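Please work through the following exercises with the sequence and the coordinates side by side, and try each task before reading its solution.

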Amino acid sequence: MIRTVLVGLWCGLVALASTYGGAYWQAHRTSTPAAADHPVKTETKKVKPISVPVISNGVLRGYVSVEFMFVMEASEGHGSGEIDPEGFLMDEAFRLIYSDTKIDFAKLEKMDIDSLTKQITANVNARLGNTRIKETLVKNLTFVPKDEIPR
């Protein structure tokens, strides 16, 4: 008989403790989830194609034609007041490709596109003062020798 009373008391205490714990949890949980719980909305923007002259030993060898895209956080609207990074991306891409002397387009080999896009992203974000661009993508990369340019 004593065992039955003790089991009854034990069940009552467990029920009271779980009810109190549930009520305490409901009262003290945050009403809005943390910002890390929400995925960041991103958008992809296409950049106008650029043509970069390739000059070697003072002679024009041809042109590199490149189309980029970049991924950035979605803006709230056109009147957000922030600078559009497209111009900065085009400028940085032109500077990096034009000044790169390691690539010989006359004897074209594989180049490290990943390091080029990461360098462009880092340079643009440094110039803008924050991390607006999440990733730079190459849509098209073509070298046109000087001899094949239509006149």
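The exercises below go from the overall layout to a hairpin, a single residue and the salt bridges.

This is a predicted model, in which local features need pLDDT of at least 70 and side-chain atom pairs count only at pLDDT 80 or more, while totals for chains, interfaces and linings use all residues. Residues are numbered from 1 along each chain as its sequence is written, and side-chain values use heavy atoms, with hydrogens and water left out.

**Exercise 1. Overall layout**

Determine the order of helices and strands in the protein chain, and describe its surface and its contacts.

Solution. Begin with the elements, taken as DSSP runs numbered from the N terminus (helices: H or I, at least four residues; strands: E, at least two). The protein chain has three helices and four strands, and from the N terminus on they follow the order α-β-β-β-α-α-β. Next, consider the accessible surface, computed by the Shrake-Rupley method with a 1.4 Å probe, where for residues only the protein chains shown count as cover; it comes to about 11400 Å², and carbon and sulfur atoms hold 57% of it. Of the 151 residues, 21% are buried, where buried means under 20% relative accessible area, exposed over 50%, and partly exposed in between (1.4 Å probe, protein chains only). Finally, count contacts, meaning heavy atoms within 4.5 Å: among those with a separation of 6 or more, 72% are between residues 24 or more positions apart.

**Exercise 2. The hairpin**

Establish how strand 2 and strand 3 are joined, and examine the turn between them.

Solution. Two strands pair if DSSP finds at least two bridges between them. Strand 2 (residues 50-56) and strand 3 (residues 59-73) run antiparallel and are joined by seven bridges, one of which pairs valine 54 with glycine 62 in strand 3. The two strands form a hairpin with two residues between them, and asparagine 57 in the turn has a positive phi of about 55°.

**Exercise 3. Serine 51**

Locate serine 51 and list its contacts beyond its neighbours within four places in sequence.

Solution. Serine 51 is placed in strand 2 and is partly exposed, with a relative accessibility of 47%. Once the neighbours within four places in sequence are set aside, serine 51 is in contact with Val64, Ser65 and Phe94. As for glutamate 67, it is 16 residues from serine 51 in sequence, with a C-alpha to C-alpha distance of 9.1 Å.

**Exercise 4. Salt bridges**

Which residues are linked with Arg127 in a network of salt bridges, and where do the partners of arginine 127 lie?

Solution. Apply the criterion of a side-chain nitrogen of Lys or Arg within 4 Å of a carboxyl oxygen of Asp or Glu; the count is six salt bridges. In one of them, arginine 127 meets aspartate 91, with the closest N and O atoms 2.5 Å apart. Because arginine 127 lies in helix 3 (residues 113-128) and aspartate 91 in helix 2 (residues 86-99), this pair ties together parts that are 36 residues apart in sequence. Arginine 127 also forms a salt bridge with glutamate 92, at 2.8 Å from N to O; glutamate 92 likewise lies in helix 2, so this pair ties together parts that are 35 residues apart in sequence. Glutamate 92 is buried, at 9% relative accessibility, whereas arginine 127 is partly exposed at 39% and aspartate 91 is partly exposed at 24%. The network of salt bridges links Asp91, Glu92, Arg95 and Arg127.
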